[in-house]
Every structure is written in C-alpha cells, then in structure tokens.
Amino acid sequence: MNGKSVRMQLQRRSLRADEFVLENSSGVILEVPESRTYFGVIAELPGSAVAASLEPYGLRASIFLPNGQLLRMAPNKSRGNNWHTIRVAEDPPLDMCGSDDVHLKEDADHSNNRSVSTPPPSGGSHYLSPYPWNWTMRKSRIAFDSTYDHWLREGQTVAGVTASVEYQLAENDLMCSRDAMVSYELTGIVMRQTPFYAGTTSYALLSEFANEWSTNQQHIPYESVVLLADYQGDGIAGLAYVGTLGSWGYAGLFWDRGYSPGIIGHEVGHNWGCGHIDCWPWGGSAMCGSWLLYGPESTDIIQWRANDYLKLAIIDPYETPVRPYANPDWMTADSQRDNEFDVLDNDYDANFDYLHISGVDPTSDEGATLSIVGKGPGGRDVILYQPDRTKLGPYSDSFWYAAADFGGLEHWTPVTVEVNERNLVASYKFEEGAGAELLDSSRNDYHMHAAGPAIYADTQDPNIGNECNSSSWENSGNLFDNDYGSVFASSDQGVVSTSFTTDPADGTWIELDFGASTTFDGWRHLDQDSSRKWVGKSVLYFSPDSFFDSNDLAIEIEHHSHGDNVTYPFAAVTARFVRWEVIEQYDQSSTQHSLGAKETSFVYNANMVELAMPSVVLESNSQAGNGAANLFDNDESSAFISDN
C-alpha cells in the first residue's frame, strides 16, 4: 500500500450457529465444508479492519481503511498461481432499491408507507454512557437462500456457494457489530442446484421466496433471510420488507447473480426498520446508497428493535478490534459564557473499550474556541466551547470531534450547536413608591411598573378535527399525551402548498376545537429530535367557527431552540377553533419531510409570580441522593423519594 508491503493479521472465526443447516432443494447436505471466515487488521495501519473468506480459488477480503475507504482483494483467476487483485471497491448501483413500493403482510403491525422508517428514530436512547457496563452486544440470526443463478456464479460447488455467503455476511457482521452493537449468526444456507423459483420480476421473486420460507423452511431459526438472485431487468437491485425483522424479515439481492455485500446491508437494514435515511453526516451510508456504514438514525432503529422489541440474546463483546461509534450531537450554548459539552454521552464501542476524546477542531464554524477538558461525569473528557462573545445569538454553529479507544481507533462526528442570545440589562436605582410603582431616583423620570415574569399555564386540551395524513404510531393524539417519547408527524408530506387546504395529503396541518371560546396568550411546541425533521416556520389561525379563511387572525411562528419545549407568547387572542399549518422546514435540503411535534399546548397568562426557593427545615427519611432539596433545584432529572 502506497508502495510499501503490509501484513494482514487474520484470525479464523466462524459465524455459523452450533446447529448450522446446509441443504439443497432435496434435503440436508451431509458433507458441510469447513468454515473459513477470517477477521483481523492491517498490522501497519492502525484503525483498519479486515473481513475475509478463504475460498476455493484463494483469499477474498474486504479491507476497511481508517479514512472510510473500502478495498477489496479477490483471487485473480485468469492469472492463477495464487495471484490476487486489490482495488477500491466499486459503488453498488444507486436508486435501484424497490422497497418503497413493498407492502407488508396484513398481520404485520407497521405502516404501509414505505418512505418512513418503522419505528421512527428515537434519538439514541439506548446508549447514554460511554462506560462498558452500560452497553450490550446482541446476536441476530440470519439465513440465506442461494438461487440457481448464484449457484452458477460460484462454480456450481457447495464450497464456493458457502464461501460466497460467509464472505458477504462477514462484511455485514463487521459493519453491524461496529455501528449498531449487533452481530450476526449464520443459521442456514439453502442451495438451489437446479432452477427452483418461477418468478421473473424482483417483486414476484421476493413474494415467492418469502412464502417458501414461511411455509417450508421453519426448521431453520432466523430473524431475517436473504435471497441471492440475479438482476431481473426491472431496474431493481434489491428489495425487502420494512420493519419486519423477527417475523416477516425477508430481503432480496437481485444483482450480479447474487453478489453485493453493500446491497445486502441496505436491504437487511430495511428489515430492521430503516427507511432511505442517513445521507448526513458522513455523505452516505448503508441506507443512503449501499455503503458498509450504518448512519445514526439507522443504528438507533436497529438498537431499538434488537434491545427493546425483540430482546435478542446478549453475547460477549466483539472480538475483532473496530473503531468506536461516535454519534452526532445537538447542543445548546450561551453566547456570553463558556460551555461544556459531554459529547461522549451517547457514544459506544463494540469491543467494550473505554472512550476518550482524541481530537477536536480548534475553532468552530462560527469562531468559537474549542478544547478538551477532563471535567465530565466520572472525570471523562468533555469539550469546552468558548463562543465568540462579539456575536449575539441566536445562531447555529458546528464543529467535529473524534471519539477514540485506548488502542487508538477513532471515529469523527459533528456537533451542531444552537447558540442562544443573552439580553443586555440596564441598571438604575429606584425608590419604591405605592404598590408596584418604582420611581427613578436619578430624576430622569425613568419610572417603572414592577412585575415578575409571566407564568404561563396550559389551557384545556382540545378535540382534534380535520388533519393531514399521519402514520398509526405518529398520530395527532400524541400531541397532547404529555409523553415526550411519542411524536405527531405527517406522512413525509412536508409543508402545505396551499393555505387552508383540506387535502389530508397536502403538507403538515391540523385543526383543533376547544369546545368554547378560549383566551390564548401563547403556544408551546417541542420539536422532534432529528434536525432533518425540524419545523422552520408555521402559522396559527384563530377562528370563532370551524371554517378557516383569510379573515381569521393569523400568527406566524418562527421556530427556534428545537430541543426545548419552547413557549411562543403573543398578544391575547380569543377563539374556539385553531388551525396549525407548517409553512417552512428548518433544513430545506433535507430529504425527510415527516414534520410535526413531540408535544404542543396552548397557554394563558396565569398572573402568578414565582416565589424564592424555600429552605427545607424538616423532612421524612429519604433515599440516599434523593432528599427534599431536589424539589427546588430546577433539575428535572433529580427527585425527592421517601425511604420506602
């Protein structure tokens, strides 16, 4: 490499289950070839990883370089005598996935809208600490169906087909283990040594294959099965059911007579529940193209299904050294003070190595000074963010950092920062007059009326009237359920094209009925976790009747501080009916348009004043660390809990 000799250090490791099944259409194959799957590194290149298979003609290997590049080594059959060729991996075909049009079986509890993931990403809730004792590695069982085309491709030998399957799985095992903490176990291969499937299109083949396995192959345990077939001439290189892994988890590869590890990763990603997502932040991914890299939303979905939904078997840490997985972060900062960011909080490592920050940009895009300090929870590294104090907020900023293990393997990822403004305050001396009147003692007549900040209280929840299309798990009832884990979002419909539209397929909108005339002094909105689905601008219409038009009062909302439950105050309005329309998406380059909110509510000024925090003088017994002082510390994560 680069004119120098390098060594691959490989260790044999089988991906086969203890009860691995190898059979053809007639039954079990008795002479099972020895597993020759290898994993390792390039000795002279820290951060590299290798997945390989010793095939009948020689060694086939995929070399993952630290810079993200993928090299492939394959036997040079024309030259023979153990010659091999190494070249940069070719990109799999783009825009040839047909999964947007695949409909699920009637009994599958998921939406038929193929443009979204099932379930939607939840914001990386499974890995909230960079400490190994908080991590779990899971095992997912997978099987393969080698069609007659794949049998011909691999030289019509059992050993050739087995090696081809195991090599393609080895690449996907390394990727999914490294990125999502899930390793694959190969439970079976069925080889079609004569023509078996009758379908002549990818859709027909996928359906025929799924029915075959659900009916006749139930003796092989699996969460997902992959069909290895040739291109059918219909513009589709891969096809899969979405969000069905563990029940109807079938995927089809229709390319190069059943050969493409990248397409397998993409289509099995659909089985896990991932839509066509994750073009950001690394320029592409398994689900945005067919890279051997799962992006941050995909890993969140895979971890949710593996940990929470299927509760797959927990296994030991991954054996092959791999780099950590650094999740992108979204932070808020004060424009006039130093800020510390605990960016390692949602990062993890499949080898269960401790993590630290090995690098960070010296300055951010907006000129903030960045440095690494060891002041985080447990003494772990955090990033000190010192904004340019000449810049007044609010504005958005970004920078990159690297999470690394003690072996020097690292992963770079971006941090997006929403910098909030700090209002300047003028100071005057006042003398208290009658009541709330304050008199300026400087004789400049800057008299004032004293009042505390407005305290807003929620109005009653409204009834939901007409609304846009949304999925069953992202329906409008989630807006008022006081559950920050649920979401209302349109079915990838984006902004409205026409004000006051009644077309449920046109944009993101909803109409509300409060049952009687109600006075509103503001509105609260908590946006979704993903910045690609944030709302930029929206409009509230207030009407005395259920018919909305241009005569109704309109208040435009410019959204900000998307990670917070933001209150947008306005002059008092009285109405019974309210309509909300989204008119601008925050990220106008995003390909994801399921806009909406996690929570929303309408508020009124309660005319109350928040008193100073009291001192606790006497209390009942409480659990250690959960004393009564936690009631008044303005920290929602702490609690006062009695001692049983």
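Two residues are in contact when heavy atoms of each lie within 4.5 Å. In this predicted model, Phe 341 meets that criterion with Met 331, Thr 332, Ala 333, Val 382, Ile 383, Tyr 385, Phe 399 and Val 417, leaving aside neighbours within four places in sequence.

**Cores**

Phe 341 is also one of the residues that touch the most other members of the largest nonpolar core, which has 77 residues. The others named in that role are Phe 144, Trp 272, Ile 383, Tyr 385, Phe 399 and Tyr 401. Ile 383, Tyr 385 and Phe 399 therefore appear twice, as contacts of Phe 341 and as well-connected members of the core. Helix 2 (residues 158-180) gives the largest share of this core, nine residues. Because domain 1 (16-33 + 93-101 + 135-314) and domain 2 (329-420) both contribute residues, the core lies between them. Another core, of 27 residues, lies apart from it and includes Cys 468, Ile 510, Val 573 and Val 578.

**Chain totals**

The protein chain has 644 residues, of which 52% count as buried. Its secondary structure amounts to five helices and 33 strands. Contacts between residues at least 6 apart in sequence join residues at least 24 apart in 68% of cases. The exposed surface of the chain is about 29600 Å², with carbon and sulfur atoms supplying 48% of it.

**Helix 3**

Helix 3 covers residues 202-216, 15 residues in total. From first C-alpha to last it reaches 21 Å, close to the 21 Å expected at 1.5 Å a residue. Its buried residues are Ser 202, Leu 205, Leu 206, Phe 209, Ala 210, Glu 212 and Trp 213. They lie on the same side of helix 3, because they cover an arc of only 160° around the axis. The strands that these buried residues pack against are strand 9 (137-146), strand 10 (182-191), strand 11 (224-229), strand 12 (238-240) and strand 13 (250-254).

**Backbone exceptions**

Most residues other than glycine have a negative phi, and most peptide bonds are trans. The table lists exceptions in this chain.

| Site | Backbone value | Location |
|---|---|---|
| Met 181 | phi near 60° | loop between helix 2 and strand 10 |
| Phe 352 | phi of about 60° | loop between strand 16 (339-341) and strand 17 (355-360) |
| Trp 280 to Pro 281 | omega near 10° | Pro 281 in the loop between helix 4 (261-272) and helix 5 (296-309) |

The bond from Trp 280 to Pro 281 is cis. Met 181 and Phe 352 have a positive phi although neither is a glycine. Met 181 is buried, because its relative accessible area is 0%, and buried means under 20%.

**Val 603**

Val 603 belongs to strand 33 (residues 599-605). It counts as buried, because its relative accessibility is 0%. Not counting residues up to four places away in sequence, Val 603 touches Tyr 456, Ala 457, Asp 458, Thr 459, Phe 520, Asp 521, Gly 522, Trp 523, Arg 524 and Thr 567. Thr 567, one of these contacts, is 36 residues from Val 603 in sequence, and the two C-alpha atoms are 8.4 Å apart in space.

Definitions and conventions. Residues are numbered from 1 along each chain as its sequence is written. This is a predicted model: local features need pLDDT of at least 70, side-chain atom pairs count only at pLDDT 80 or more; totals for chains, interfaces and linings use all residues. Side-chain values use heavy atoms; hydrogens and water are left out. Helices (H or I, at least four residues) and strands (E, at least two) are DSSP runs, numbered from the N terminus. The expected span of a helix is 1.5 Å times one less than its number of residues. Buried means under 20% relative accessible area, exposed over 50%, partly exposed in between (1.4 Å probe, protein chains only). The arc is that of the directions from the helix axis to the C-beta atoms. A nonpolar core is a set of buried Ala, Val, Leu, Ile, Met, Phe, Trp, Tyr and Cys residues joined through side-chain atoms within 4.5 Å. Domain bounds come from an automatic or database domain assignment. Accessible areas come from the Shrake-Rupley method with a 1.4 Å probe; for residues, only the protein chains shown count as cover.
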